[in-house]
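Subject: Handover of a structure and a summary of findings

Dear colleague,

Please find below the structure that I am passing on to you. A summary of what was found in it follows directly after.

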Amino acid sequence: MAGFWGKRKREEEAAQAAQDADLARKAEQALVAADERIRTAGDELSFAEAELGLSLTKDLKSALDAVRTHLREAFQLHQLNHDEIPDTDEELRTRNARIVQLCDWAEDLLDEKTAALAESIAKVRRAPQVREKVRSDAERLSARLPQARGIIERLSSRYAESALQQIRNSADEAEQLIAFATHGADVAERRRAARQNEEANLALETATEAIRRVGALLDAVEDFEIEALRAESTLAEVVADSRGDVIAARTAPKVPAVTEATAELEKALDSLEPAGSRNDPFAELTRLRTANSALHDAIAKAHYRLQNPLPSIAQVQHALDDADRQLGVARGLISGHRGWIGADARTRFAEAERLRIDIPELISAEDTREHALAGARRVAQLAAEALQLAQRDIDSARPQQQQDWGGGWGGGRRGGGGDVMGGIMGGLVIGSILDGIFD
């Protein structure tokens with residue numbers, strides 16, 4: 001049996017020794033790879049600083065400094081593993097694991113920071129192509145300027161100035177942006193030649209953005225004509241629908257809201273520009289839609305109110321008075337038996353008092369009066385439930401008579417009186433404890 005356990009132990013020691021040897025090899029390989037990665041990252045940093053400038057490469061420089069600092073610890077641990085002082089297996093294992101950890105962290109950090117600069121470096125390398133694209137796009141967009149001016153002039157004869165506010169100056173703005181973009185491309189080229197790379201990158205980015213805005217402005221001019229025609233078509237449909245709604249409103253309930261909304265819609269219809277005149281179809285469509293929607297809402301609300309009459313202020317006040325009476329009864333019972341009242345009754349009573357606070361502000365306005373009535377009824381319901389639960393708690397906590405009054409003065413009367421007083425005193429003590437929990 002001893003031979004079996006001895007063999008088992010030797011096998012475990014051999015397996016551990018193999019794992020330790022493998023960890024030692026990984027530590028040496030990781031150290032070499034990390035040191036080489038630092039050298040490569042240093043070269044990449046030098047190239048990036050030359051291409052991008054110092055501000056865009058400061059993160060990589062900080063990461064490289066941090067890696068060099070922490071990797072010195074890894075080299076020191078590796079030196080301790082090979083000095084003349086004997087080490088235990090556990091010490092060697094711990095140092096090698098730390099070396100692997102530091103090297104992996106160093107490579108991951110440098111990979112992250114160099115990858116973040118890859119796109120910027122790629123842009124720098126594409127800078128000549130980007131400059132040429134800016135110039136070619138500027139030439140192409142310049143050819144669209146006469147067409148844009150012609151569209152604006154044609155639309156000006158058909159639509160009001162307010163309708164053309166979005167595109168009136170678009171052609172002039174586009175021309176200025178084209179000049180700015182062309183100048184920016186020239187500046188970027190000169191700064192690049194002078195090795196002022198940060199300024200060159202900034203000038204090229206602003207030139208590219210200017211060209212993008214020019215395209216958006218000219219597209220908006222061409223799209224506006226289509227949108228204006230669509231708005232005119234929609235306006236005709238809304239006008240016909242609104243006139244039908246005005247006629248239908250004559251059979252709606254005669255309430256001030258419907259009368260006022262009908263008048264507003266008629267006013268909007270009357271304010272439409274005559275056919276053939278310069279109008280603003282967008283503003284007219286918005287004004288007409290707003291008045292049309294208001295009339296629909298007023299009629300719907302009038303029909304609802306016809307089927308569901310608005311409660312009077314007196315009716316709501318009566319319900320609130322009833323709720324207050326319920327609260328008063330519940331408050332008196334709970335206050336008089338504080339030590340015997342449980343959490344359920346207290347919770348409902350507290351919720352009823354909380355809801356009661358907001359009800360007076362909801363009574364006067366018609367839009368909230370129904371909520372006030374529902375709130376008052378809810379308060380009364382909660383107060384009644386609190387009262388019922390409180391009475392249940394009192395009944396269950398009240399001491400039972402051990403014997404009736406016929407037992408004599410010395411027996412039942414004293415015993416009953418003692419039980420009652422004991423219940424009251426117990427209630428007072430318990431109440432003083434529970435007040436801090438439930439109140």
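Please bear in mind throughout that this is a predicted model.

**Overall make-up**

The protein chain contains 14 helices and zero strands. Its pattern along the sequence therefore reads α-α-α-α-α-α-α-α-α-α-α-α-α-α, with helices taken as DSSP runs. The chain has 439 residues, of which 33% count as buried. About 26600 Å² of the protein chain is exposed, and carbon and sulfur atoms supply 54% of that area. Where contacts link residues at least 6 apart in sequence, 77% of them join residues at least 24 apart.

**The largest nonpolar core**

The largest nonpolar core has 27 residues, and the members that touch the most others are Leu155, Ile167, Val214 and Leu218. At least two residues of this core come from each of helix H4 (127-142), helix H5 (145-156), helix H6 (170-193) and helix H7 (197-248). H7 provides the largest share, with nine residues. To look at one of these members in detail, Ile167 touches Ile152, Leu155, Ala220, Val221 and Phe224, when residues up to four places away in sequence are not counted.

**Salt bridges**

Side chains of opposite charge can pair when their charged atoms come close. In this model the count comes to 29 salt bridges. Three of them may serve as an introduction.

Arg354 pairs with Glu351, and their closest N and O atoms are 2.6 Å apart. Both residues lie in helix H11 (residues 343-358), where a spacing of three residues amounts to about one turn of the helix. Arg354 is partly exposed, with a relative accessible area of 45%, and Glu351 is also partly exposed, at 30% relative accessibility.

Arg325 forms a salt bridge with Asp322, with 3.8 Å between the closest N and O atoms. These two residues are three apart in helix H10 (residues 313-336), so about one helical turn separates Arg325 from Asp322. Asp322 counts as partly exposed, at 29% relative accessibility.

Asp393 forms a salt bridge with Arg392, the closest N and O atoms being 3.4 Å apart. Within this pair, Asp393 is buried, with a relative accessible area of 10%, whereas Arg392 is partly exposed, with a relative accessible area of 44%. Elsewhere, Glu132, Arg135, Asp186 and Glu189 are joined into one network by salt bridges that share partners.

**A buried charge without a salt bridge**

Which side chain of opposite charge is nearest to Glu284? That side chain is Arg287, at 4.7 Å. A salt bridge requires a separation within 4 Å, and Glu284, although buried, has none. Glu284 is placed in helix H9 (residues 281-307). A polar atom of the Glu284 side chain does lie 3.0 Å from the backbone nitrogen of Glu273. Apart from neighbours within four places in sequence, Glu284 is in contact with Leu235, Ser271, Leu272, Glu273 and Asn279. Glu273 thus appears both in this list of contacts and as the residue whose backbone nitrogen faces a polar side-chain atom of Glu284 at 3.0 Å.

**Where to begin**

When you open the model, you may wish to start from Ile167 in the largest nonpolar core, and then turn to Glu284, which is buried yet has no salt bridge.

Yours sincerely,
A colleague

Notes
Residues are numbered from 1 along each chain as its sequence is written. This is a predicted model: local features need pLDDT of at least 70, side-chain atom pairs count only at pLDDT 80 or more; totals for chains, interfaces and linings use all residues. Side-chain values use heavy atoms; hydrogens and water are left out. Helices (H or I, at least four residues) and strands (E, at least two) are DSSP runs, numbered from the N terminus. Buried means under 20% relative accessible area, exposed over 50%, partly exposed in between (1.4 Å probe, protein chains only). Lys and Arg count as positive and Asp and Glu as negative; His and the chain ends are not counted. A polar contact is a pair of N or O atoms within 3.5 Å; within protein, one must be able to donate a hydrogen and the other to accept it, and residues adjacent in sequence count only if both atoms are side-chain atoms. Contact means heavy atoms within 4.5 Å. A nonpolar core is a set of buried Ala, Val, Leu, Ile, Met, Phe, Trp, Tyr and Cys residues joined through side-chain atoms within 4.5 Å. Accessible areas come from the Shrake-Rupley method with a 1.4 Å probe; for residues, only the protein chains shown count as cover.
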